[in-house]
Amino acid sequence: MEKHEEMGSEVAAQNEANQELLEEQVENDLTTALDRKDRDAVTTLLEEAHPIDVAIALEEVSDSDILFLNSLVTAEQLAEIVEQAEEDLQIRIMKLLDLDRILAVFQFMSKDDIVDILGNMPVNRRKELLKLMKSGDQTVIRNLLGYSETSAGGIMTTEFISMRNTLTVSQALEKVKEIAPKTEEINILYITNEKKQLVGTVSLRELLVAQNYDTLQDIMEDNVISVEPETDQEDVARLVSKYDLHAIPVVNKRMGIIGIITVDDIIDVIEEENTEDMLKLGGVNKEEDVDSSALESVHMRLPWLLVNLVTAFLASATVFMFEDTISQVVALAASMPIVAGMGGNAATQTLAVVIRGIAIGDIKLHGNEKRILKSIFVGFMNGMVCGILAAFVVSYMYGNPYLGVIILVAMVANMMIAAFVGFVIPVVLKACHADPAVASSIFITTFTDVCGFFIFLGLAKISLPYLIR
């Protein structure tokens, strides 16, 4: 079993390496061909390479190279590249193209992707484009632009297939053939009643194996999982993951279907939310990346660092309270960071688990008593093991077993406290409608530092006669 797992890991690593080499080759070849303005080479590369590899390569080329490529590709080819491109590259390309060319490209893109691009355009240019669109497209896109970009309405597509429940299978198949070329999602048919309310779904497979005379009412699945347009995208992703859906319908208050969210959009949401939470745990703005300018990075990081600075003074004040004790036993100054540091690490471990639990819906705001007790017990066990090891080392270094006992007790107590606050603080912040990924680490670090220093130095002050003899 282990050999199979090792072989699987090796194959996966090799495939990843091959993919990276392919991306590098496409990037190098395309960059070279664009530099030389070699029309034949560029055309050949575009035919052979995947659009996403082309999009990645275009991030490193100049505006003149993008314009040269634009002159060689059809609107459909450019639409495929734009759909796969990162937001910054999409904005660059849209700035370089004239309005007629943009409209031609939009004809081959889904409405939700068009809305994402329009949302990043200057208001005046967006209005000019909307005026040139067909009235039906204008209405759909204006409605989509009205939703928050992190809501179900903001990420849904309006390209789906809906049919009346009274249609027969043979009639439905004819409609699928007619509609499919213009629709993003054809694997699921959404079934409505005479009031245009969503009442069920039929998969394409079920449609193909059913009898021609059956009605859609007869074969549909009537237990439909749906969301409203205002639903947060994280909640949508949670539902799709929980029920293993390929797409989820978006309905209005009257249960009329207004759009669907496909699994590829959900994957983007999950990646975006995970990245955002990771950055927030580090006190970094989600808009920052490795290519952000130095001033942008300073602007986005400095506020949280200043908050950390303020809270750090609390820990400093705690140490100052025991200045006399530390001056009499210098070993305390070298040992106390161990207690605070281990407490901080223990709290961070708990915090990471709890943040993930909140994100995927496993942890609610109530009924966590057993989980909290378990977390405290884990802190106690980890504190005992780490504390005993630290006690032996400190006792040996300073030749004082009492100092070892103090660091053992302080570490056990602080790691139990760390486990408790690491669980409770993000849950409380969530209950207060604050983002636990942003604020938790600051409160927890302060709490574990202050408690760690106070317990360790407090015990040292009580035991001072045994430490200085």
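**Transmembrane stretches and internal cavities**

Residues 376–398 are 100% helix and 0% strand, with 31 Å between the C-alpha atoms at the two ends. Helices here are DSSP runs of H or I with at least four residues, strands are E runs of at least two, and both are numbered from the N terminus. The model is a predicted one, so local features need pLDDT of at least 70 and side-chain atom pairs count only at pLDDT 80 or more, while totals for chains, interfaces and linings use all residues. Numbering starts from 1 along each chain as its sequence is written, and side-chain values use heavy atoms, with hydrogens and water left out.

The stretch 376–398 is one of those that the unreviewed UniProt entry annotates as "transmembrane region"; the others in that record are 302–322, 328–355, 404–429 and 441–468. Such annotations, given in the numbering used here and with shortened feature names, may be inferred rather than shown by experiment. Residues 328–355 come out at 93% helix and 0% strand, and their end C-alpha atoms sit 42 Å apart.

Turning to the whole chain, there are 23 helices and 5 strands. Of its 469 residues, 42% count as buried (under 20% relative accessible area, 1.4 Å probe, protein chains only). The accessible surface is about 26500 Å², and carbon and sulfur atoms hold 57% of that (Shrake-Rupley method, 1.4 Å probe). Among contacts (heavy atoms within 4.5 Å) with a separation of 6 or more, 68% link residues 24 or more positions apart.

As for internal space, the structure has 2 cavities of 30 Å³ or more. A cavity is a set of points, on a 1 Å grid over the protein atoms alone, where a 1.4 Å probe fits but cannot get out, and its lining residues have an atom within 4 Å of a point. Points are joined across faces, edges and corners, and the volume is the space filled by probe spheres set on them.

The largest cavity holds about 60 Å³. Its lining consists of Ile91, Met94, Lys95, Ile117, Asn120, Met121, Pro122 and Arg125, and helix H6 (residues 87–96) supplies the largest share, 3 residues. By type, that lining splits into 5 nonpolar, 1 polar and 2 charged residues (nonpolar: Ala, Val, Leu, Ile, Met, Phe, Trp, Tyr, Cys and Pro; charged: Asp, Glu, Lys and Arg; polar: the others, Gly among them).

The second largest cavity, at about 40 Å³, is bordered by Leu58, Ile66, Leu69, Asn70, Leu78, Ile93 and Leu97. Helix H4 (residues 63–70) contributes the most here, with 3 residues. This lining has 6 nonpolar residues, 1 polar and no charged.

How values were computed
1 Å grid on protein atoms, 1.4 Å probe; cavity = no way out; pocket = protein on both sides within 12 Å on 5 of 7 lines; lining within 4 Å. Buried < 20%, exposed > 50% of the residue type's maximum accessible area, 1.4 Å probe, protein only.
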